[in-house]
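Trainee: I would like a close look at the packing of the helices in this model, with the residues that make each contact and the buried surroundings they belong to. Please take it slowly and give the cut-offs as you go.

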Amino acid sequence: MKTESNNHNASFPVRNSFRFQLLAILIGLIISSTGLLVCANSGLKTKPHEKTKWVGTWATAPQLVEPHNMPPEPGLSNNSIRQVVCVSIGGERVRVRFSNEFSESPVTMKTVQIAVSIEGSAIDESSVKELEFNGKHEVTMQPGEAITSDPLTFDLKPRMEVAVTIYFCETSPDVTGHPGSRTTSYLISGNNISEDADFSDAIKTDHWYVINGIDVEALKSAAAVAIIGNSITDGRGSGTNKQNRWPDILSQRLLENEETKEVAVLNMGIGGNCVLRGGLGPTALKRFGRDILKQHGVCWLIIMEGVNDLGGARSKEMAELVAKGLIEAYKTMIDEAHAQGIKVYGGTITPIMKSFYYTDYREVARNTVNEWIRTSGRFDAVVDFDKAIRNPEDNLTIFPEYQSGDYLHPNETGYIMMGKSIDLSLFEQDL
């Protein structure tokens with residue numbers, strides 16, 4: 001008995017090891033077959049057998065709206081506003097995010113609807129759906145708060161223009177929004193939230209207020225690229241209501257390419273924004289966590305920001321410090337994104353010669369930053385916007401046919417060239 005017992009104990013670890021190896025192989029096969037994608041916060045703790053996840057399909061960077069960009073009369077309180085946005089990828093279920101993060105008073109939305117936008121203020125009445133928040137139609141956002149609606153069924157097509165109509169109760173005197181919408185919103189007195197409400201006589205304003213993002217329930221293979229930038233990313237110089245900023249051009253190309261048709265684009269540009277200090281809105285460093293890392297389904301990031309920092313440098317010494325500061329800031333954003341499994345692509349700063357920002361020392365600083373972006377090896381890839389739109393006969397300036405008149409911001413053709421310069425293979429997923 002003693003010998004048999006010893007033989008039995010000796011064989012037990014061998015069989016156990018075999019079982020553990022077999023279990024590890026089976027787990028590996030399960031993970032491979034489900035195509036799990038490791039990147040930024042997907043928004044859901046997706047189980048292996050589930051086929052979908054939440055991915056941002058549209059977003060805009062919130063900020064405190066400046067006095068000259070505030071809602072026109074009659075204002076938001078006790079009135080209705082219809083705002084149009086253009087999504088990137090589609091799906092059958094959506095949820096919408098709203099922000100009161102920069103306001104000092106509560107904002108109450110009594111009713112919120114989403115519908116397919118047809119043209120101008122018109123909507124497809126058959127598509128109207130009313131949003132709920134924890135099962136209720138009315139919701140109040142406290143100061144500093146952002147909220148997301150309950151998911152609802154909605155037939156969202158790629159690049160569809162969607163109208164979000166809000167009937168407000170009391171709102172804050174200071175407003176959270178995004179002034180650089182390049183898209184017309186429609187404001188009308190009172191409660192005009194019915195399915196057949198006519199907004200044709202509404203007051204028009206080219207700004208967004210309170211709306212912040214749309215997530216779509218997409219296939220596991222879907223993902224998003226987020227872009228942090230300034231007015232050149234936000235689209236100054238693009239066409240109002242044309243949805244032709246360079247991120248829009250990128251989105252269209254991704255959808256048309258079989259290998260990238262499930263990649264969403266999130267434009268988190270703010271006009272006048274800086275990376276380090278000053279400028280409009282929170283600096284890129286301060287807003288990076290919310291505007292990039294907390295978006296859903298992000299697997300790639302493009303950083304295209306820094307020209308406003310350089311433009312604020314008042315001396316050669318300051319310009320040198322700004323260049324060093326930008327490089328350190330890029331390193332910080334790269335490290336934080338990499339920690340969440342996000343690949344980071346560096347966008348070079350476009351030409352400033354002939355613009356109101358040009359000085360010799362700012363140009364030296366721009367070249368210092370661009371050289372680091374191109375050669376440091378810290379980025380996963382480089383998107384050379386500078387090369388894409390500069391004049392081949394004068395590398396210090398934007399090609400004349402690509403600039404909007406100030407030799408700083410591209411025009412519609414310039415944005416097309418920027419969008420077309422991006423290698424789509426950078427967004428092919430290795431599942």
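Mentor: What follows goes from the overall make-up to the helix pairs, and then to the cores and two single residues.

The model is a predicted one, in which local features need pLDDT of at least 70 and side-chain atom pairs count only at pLDDT 80 or more, whereas totals for chains, interfaces and linings use all residues. Residues are numbered from 1 along each chain as its sequence is written, and side-chain values use heavy atoms, with hydrogens and water left out.

The protein has nine helices and 23 strands, taken as DSSP runs (H or I of at least four residues for helices, E of at least two for strands) and numbered from the N terminus. Of its 431 residues, 54% are buried, where buried means under 20% relative accessible area, exposed over 50% and partly exposed in between, with a 1.4 Å probe and protein chains only. Contact is taken as heavy atoms within 4.5 Å, and among contacts between residues at least 6 apart in sequence, 80% join residues at least 24 apart.

Two packed helices are described by the angle between their axes and the distance between the axes. Here the axes are lines fitted to C-alpha atoms, for helices over the stretch in contact, and angles run from 0 to 180 degrees between N-to-C directions. Helix H6 (residues 316–338) packs on helix H7 (residues 360–375) at an angle of about 25°, their axes being 9 Å apart. H6 is therefore roughly parallel to H7, given that angles under 35 degrees count as roughly parallel, over 145 as roughly antiparallel, 65 to 115 as roughly perpendicular and the rest as oblique. The crossing of H6 past H7 is right-handed, a term used if the near helix is turned clockwise from the far one by less than a right angle, with anticlockwise giving left-handed. From H6 the contact draws on Lys316, Ala319, Ala323, Leu326, Ile327, Tyr330, Lys331 and Ile334, and from H7 on Tyr361, Ala365, Thr368, Val369, Trp372 and Ile373. Sorted by class, this contact of H6 with H7 comprises 11 nonpolar, one polar and two charged residues; Ala, Val, Leu, Ile, Met, Phe, Trp, Tyr, Cys and Pro count as nonpolar, Asp, Glu, Lys and Arg as charged, and the others, Gly among them, as polar.

H6 also packs on helix H4 (residues 284–293), at an angle of about 30° and with the axes 11 Å apart, so H4 and H6 are roughly parallel to each other. Their crossing is right-handed, and the residues in contact are Leu285, Phe288 and Leu293 of H4 with Ala329, Thr332, Met333, Glu336 and Ala337 of H6.

A further pair is H3 and H9, which pack at an angle of about 45° with their axes 8 Å apart and are therefore oblique to each other. This crossing is right-handed, with Trp246, Ile249, Leu250 and Arg253 of H3 meeting Tyr415, Ile416, Met418, Gly419 and Lys420 of H9. The contact of H3 with H9 has six nonpolar, one polar and two charged residues. In H3 (residues 246–256) the buried residues are Trp246, Pro247, Asp248, Ile249, Leu250, Ser251 and Leu254, and their cover includes strands S17 (223–229), S18 (263–269) and S19 (298–304) and helices H2 (231–234), H8 (385–389) and H9 (412–420).

As for the cores, the largest nonpolar core has 81 residues, of which Phe98, Met109, Ile166, Leu301 and Tyr330 touch the most other members; such a core is a set of buried Ala, Val, Leu, Ile, Met, Phe, Trp, Tyr and Cys residues joined through side-chain atoms within 4.5 Å. H6 gives this core its largest share, 10 residues. Apart from this core lies another, of 28 residues, including Val263, Ile302, Phe385 and Tyr402.

Two single residues complete the picture. Asp386 lies in helix H8 and, at 3% relative accessibility, counts as buried; setting aside residues up to four places away in sequence, Asp386 touches Thr348, Ile349, Thr350, Pro351, Arg366, Asn370, Arg374 and Asn395. Ile114, in strand S5 (residues 107–119), counts as buried at 2% relative accessibility, and its C-alpha atom is separated by 6.4 Å from that of Glu130, 16 residues apart along the chain.
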